[in-house]
Every structure is written in C-alpha cells, then in structure tokens.
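Visitor: I am new to this structure and would love a tour. Could you show it to me and explain the terms as we go?

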Amino acid sequence: MKQDIMKYESNIWATADLLIGAGIKQSDFPKFMMPFFALVMVESRFLRMADELKQDLGLDEDDIRLDEFIDYVKEQEKGYNVYLFEHNKTLVDICKNDKTFEIDFDAYLKGFDGETKDLLGIDKGNNEEKFLDISGMSGQLKKKKIFFSFVKAWSEIDLKPFNNSEITTLEEHIKRKWADISAETAGEQYTPDDVIALISAIVSSKVEKTDRFLTIYDPTCGGGNMLFGVEDRIKGTSNRPTATYGQDWSDSLYALAKIESRFRENSHIKYGNTLTGTEFYDKQFDVVVANPPYGVDWKGYRKDIENDKTGRFVALPSVSDGQLLFLQHIISKMDDLDGIAVVVHNGSTLFSGDAGSGESNVRKWIFGKDYVEAIIQLPTDEFFNTNIYTYLWVLNKNKSKCRQKKVIMINASDRFKLLKKNKGKKRKEVDYLNREDIVSMLNNYEDTDIAKVYDREYFYYNKQAIMLTNLDYNGKSFEQNLPEKKKSLKLTKLLKIEQIEESNTLLIDNFEITEFDENRYKNLKDYNDSYIKPLISGFDYKEKDLKVHTQKAIYYYNADKNTLIKESNGQKEELGCGKINVKSSYKKATKTKEARIEVVVEMTPDYTKDYEIIPYSENVEKNNANIEKFMAKYITKPFEYLDNTVGVEVNFNKLFYKPEKLRDISEILTDIKNLDEEIDSLEEGLTI
C-alpha cells in the first residue's frame, strides 16, 4: 500500500517541541532543523539507492561481495557513508545505545564523503564557509542537554520509501513553515505547490513531445522546489528526458537543493549570486522558471552590475528592486531558437518607473523583442508570506506567427478555491480545474471574460514634453514685445529695485556695488555669494510687489500677478504675461573698472514645462499624427515641442476595469421619498 509522505510533516514539527523546552527561540528553529532534515534526507536517499542497485544487479544479501558493491556505489557519484555501506548502521541503530551515542554519531558524520560533509557543515572551522552547520548545532544541542533526544526523534522519520518527487513535496511544506517563523530576507517567496503545478502545466503545453533532452533552469532555485517540481510534473505527462540546472545564494537552501540534485539524473546545482556570477555562462536553456525575490535592493553589488560584461543587462532598474535584473538575466538564458520562460513577479515589474526610467526601458526592450506572450494575474493570498497580487510572465522566443506582436492578458484573480485551513498568509489555491482553464485560455489565445489579446503597442505611450507659453487674461504674452530672435529684454539704466512688505524689505539702488563690510565678509565676491545672491534669489518676484525703476519707466506686475505693466509719464501699458528676473554677478577688476557686483534685470515671457501622455503607434507617421491630434484637442496655449520619450507599462486595473453599476434614478427618488415620510412620522411623534 502506497504511503503518504505528508504524515511525516507533523513528525518533523514534533522535533521542535524539544527546542521549545530547551528555551531556543522560535526564529532559530530552522538553524537546528534544516541540517537534520538534510541528514535524514541524505540517509534515506543512500539506503534507497543501495536497494535499487542491488535490485538492478539482481543480488540477494547472500550474493553480495561487500568490496565490489562498495566500488559500484562509489561509481554512482551520489555520495557515500562508511557507517551505512560498510558497517550497515543507520541513525536508528546509533540511537539504540544512548551511552555510546555521541561517539557513534561523530563517527557516523565523519564517515560521509567530502562533498556531503561540506554541505552538512561537518567539522567546519570558525572561519570556514558553512552551508548547513550540523556540527555547530550539535554542540549547542549538547549544551541544552537535548542532543540525544533531538537526533533520536529525527532518526524515526523514515523517508526511504519515497521517491524524489514525494520528498520535494514534503520539503515545500516544511520550508514554507521555516520561512514563516525565521524572519527571512525581505522579498523571498516560497512558491506554493499549486503555483508550481500551474507553471508546469503552462510549460508542458508548450514543449514539444520529442526524445531530445529538455533543459530546465532556475536562476533563483532556493531549495529546488520549483525546479524539481516542474521537472517531476513534466515527466509525469511526457517521456521526454530532462536535465535541470539551478543556482542560489542562500547557504542552507543551496545545500538542500544540492543534496536533492545528487539523487536525480542530469541535475546541476551551483552556489552563488546569479546577477554577479558566471555559472552556466556558456549555456542557454529550453525552459526557464523562476520566482526571484521581490523588492530587494542590489546596492551591495551595484558596481558589479554596472560593470557587467555579459551584455545581458540592457537597462538598469531602480537600485531598490532587482526583479527586472533577474528578468533580463532569464531572457539571456532562454534558448535563442525556442526558449520559453515562466517567471513569478509582483506588480512593480509591470508599472514602476516613468517613461525613460530603467524599469520602463527594460519593459520597452522586452516588448520590443516580442518576447512577452502572456501575463497572468494570480489571486491575492496565494503565497505563504504575502497577500499581494502576483503575476506570471510567460516569455517565448519562438512565438507562432499569429501571436507575433501580440500579448494576452489573463485576469485569474478570481480563479481560486479557498483552503480549508490557512497556511500562513496563504488562504487560496489555484486548483486543478482553474489551472486547466487558465492554460486553455493561454493556448486558445482569444478574448474571453477574463482574457484579452492586445497588440503590443497598446502598452506603449508617448511622454511628450512641451514648453507652454503662458498668457494673460487678454490672451497676450510678453513674447510679442521682444525683438526678433530675442528670448528676453534686458533693462538698462536702472535706478532702483524695490519690494517693500511688512515682514521683509528688498531695496537695491546701487547697481555697481564696490564696497562691503570687511568685518563680515572676506572680499567682494564673498559679499555677493553670501549676501546679495541669497537676498535676490530668496524672493518670488511675481508674487510680491516688485518694482524696477529705470530712467525712462517703471516695470511691475499688475494686481493679479499675471501681466507685466510698463508705467511711463503717468501712462500704463500692458505688456502681456511675463516674468521679471533679477540676477547678481561678481565682476573682476579691469583696466578701466574696479571689481564690482553687477545687478541685472531681465524680462522674459512666462513659460511652463509640461508633459502629456499620448497613445503610441509603431508607425512613425501615425504616431506623429496621434501627437498632433492630441495637442490640437487639449492644448490651447502656444507651445514648443521638446523631447518625446516612449514608455511601456501594464495596468491590470485599467485593462479589466468594471465600472460600478449605478442605481436607476427612480429607485433613488423612491428611497428619498420614503426617508422623507419616515422623518415626517418621527417629527409628528415628537410633537405629541
């Protein structure tokens, strides 16, 4: 009868009871439990491997020559343990004698091959790198007087009957609980089994049914749950041989993935930072799956990213979130002929960053290359430690002709089943029927109630910069008073600049200042920089009653601060909307003039820089027509075109917006009438 591996989930968590009794903090549980889970997993894999080898060789226990069998085991290159294979002793056997336990357990650990010792952290020095630290944790357990009891509890967890796929499923549940309690790095997400199943179904629907190796890669593989989960599900629906490749930077999770990979055919796991390392640099893959960390900054290795020589980073997003760096890396690892990828992201990759920003430029490059086949919005409360919306980016370097330059958006936010019992923040799952519907919509590539096919240019937009010329109430600008090809009018023969209010006073009437207080300022230049410039720049001349006196006229703003006035010989002339600008500068001494501070007044038209968001077209002529049509309809002031920047963003709320249905006016009027009658009735009751 087939056993259910999930029965061991409660047994594993029962080991934590001993940690609680010893006063160990809950957040530290994973440090103690991970190494022993890995140890039990390794032993079970070794024992299962030994049984399978004996069966393959057709050997009974009596027929086995130990030395020949040991040589055969070592040839498999999946690891080795002297105690298990030469002395035929397991953890259970070691735990039968508590008096010799510590000596036997130490010998048992030292009996592992070198790589397994490194991964488990056996007898590592203080300065040596540890992936798992079983020796260090054992020492702490001894101090707490629970060492024997803790190891004995783990020895009773027998994983030998279960295959790799079943152990991967158990791992997913255990590591999810570890993440809940251990204050994991912000943004790290353990992918739930139902999301892995959906990703697997999408991949399975796209890969060809051939005998060629299907290479699968996960650049942020963690403990390998998604990578191996996708592989197992593909093998369950196809006989196509597979090879898996993964990389991760978390010591403990890498160790778990590496241990698991040794018992799988053609599996390769590397340690290190995917964004700065060069593992698998010479490879591309048929399938890439990933759930990169959300909202985690990359400033710690910013220089490495900026100086990257691989050419994979077309644009750099904000240093506060590295998701789009991972997305670019993933695209670089997709096979150029027919590579596909399914990547989990949060919403920031869809819309963060304005046109011209690194984020927008990454999206523009990906859409421009026509790699995006679909984006699928998943329900909230899908992941174990976040309740936000998440999205699957489905990328394809070999889109069918009918799908080229198109993208399907699938709003699967309501396609879920509620769990009977929450798992952390996870309250929902995309169950089998909903997964089938989502994959069907992706394959059909047609509009439905929750799916819409768009031309890719729909997600592009023009951010058109313009310089507006502001007008006064008569529709006039100071620009009409300027000589041809001049942008300002410099006032000469100044007599005085004055601005007087109750709280502050600006009065400058010496326009070639040559003296200063030597007790307060170092020199004339310091006097200008420290006093005159701040004095002048500290006033908003348009909002205050500024008057500039020249020998011929006085210039100032009218009462509404919108029109420049010129007053000469008692006559006032409106010059249109403009600005008065006052500046000071230090002038060095010349042969004819001594050093001085010059104050200059210029009058200019009043300009405002503005940005307009306008629909985009890949056809240049049509795009220009779009811009001109928009300007003619919405811009009423004179303007000049400045830079045009093309941006790309995806807004699911806009794509699937459903306006609230308004009540009929007759219903509202009836309700008002009923309320009036009710109020009248209450008032009558008060007067009795």
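**A guided tour**

Guide: Let us start with one pair of residues: Tyr-555 has Lys-566 in E19 as its bridge partner. This is a predicted model, in which local features need pLDDT of at least 70 and side-chain atom pairs count only at pLDDT 80 or more, while totals for chains, interfaces and linings use all residues. Residues are numbered from 1 along each chain as its sequence is written, and side-chain values use heavy atoms, with hydrogens and water left out.

Visitor: How do you know that strand E18 and strand E19 pair?

Guide: Two strands pair if DSSP finds at least two bridges between them. E18 (residues 554–557) and E19 (residues 564–568) are joined by four bridges and run antiparallel, so they meet that rule. Strands (E, at least two residues) and helices (H or I, at least four) are DSSP runs, numbered from the N terminus. Between E18 and E19 lies a hairpin with six residues between the strands, where Lys-561 takes a positive phi near 60 degrees.

Visitor: What makes E19 and E20 a pair?

Guide: Five bridges link E19 to strand E20 (residues 571–576), in the antiparallel sense. Lys-566 stands opposite Glu-573, and Ile-565 has Glu-574 as its bridge partner. Their hairpin has two residues between the strands, and Asn-569 takes a positive phi near 55 degrees there.

Visitor: Why are E23 and E24 called edge strands?

Guide: They belong to an open sheet of three strands, ordered E23-E12-E24 with antiparallel pairing. E23 (607–615) and E24 (639–648) each have a single partner strand, so one side of each is left without a neighbour in the sheet. From one strand to the next, the twist averages 20 degrees. Strand E12 (residues 460–469) is joined to E23 by nine bridges, and one partnership sets Leu-468 against Thr-608 in E23.

Visitor: What makes you say that helix H20 packs on this sheet?

Guide: Contact means heavy atoms within 4.5 Å. H20 (residues 620–634) touches E12, E23 and E24, and its direction makes about 125 degrees with that of E23. Such angles run from 0 to 180 degrees between N-to-C directions, with axes as lines fitted to C-alpha atoms, for helices over the stretch in contact.

Visitor: Why is H2 called roughly parallel to H13?

Guide: Angles under 35 degrees count as roughly parallel, over 145 as roughly antiparallel, 65 to 115 as roughly perpendicular and the rest as oblique. The axes of H2 (residues 29–57) and H13 (residues 251–261) come within 10 Å and cross at roughly 5 degrees. That makes H2 roughly parallel to H13. Among the residues that meet are Met-34 and Phe-37 in H2, and Leu-253 and Glu-260 in H13. The contact divides into eight nonpolar residues, one polar and one charged. Here Ala, Val, Leu, Ile, Met, Phe, Trp, Tyr, Cys and Pro count as nonpolar, Asp, Glu, Lys and Arg as charged, and the others, Gly among them, as polar.

Visitor: What makes E2, H13 and E3 a right-handed unit?

Guide: A crossover is right-handed if, with the strands pointing away from the viewer, the path from the first strand over the helix to the second runs clockwise. E2, H13 and E3 make a right-handed β-α-β unit. Strands E2 (residues 242–248) and E3 (residues 267–271) run parallel and are joined by five bridges, with Tyr-245 partnered by His-268 in E3.

Visitor: Which sheet holds E2 and E3?

Guide: They lie in an open sheet of nine strands, in the order E3-E2-E1-E4-E5-E7-E6-E8-E11, with mixed pairing. E3 and E11 (451–455) stand at the edges, each with a single partner strand, so one side of each is left without a neighbour in the sheet. Strand E1 (residues 214–218) pairs with E2 in the parallel sense over five bridges, and Thr-215 stands opposite Ala-243 in E2.

Visitor: Why is the contact of Glu-231 with Lys-235 called a salt bridge?

Guide: A salt bridge needs a side-chain nitrogen of Lys or Arg within 4 Å of a carboxyl oxygen of Asp or Glu. The closest N and O atoms of Glu-231 and Lys-235 are 3.8 Å apart, so the pair qualifies. Both residues lie in helix H12 (residues 225–237), four residues apart, about one turn of the helix. The structure holds 38 salt bridges.
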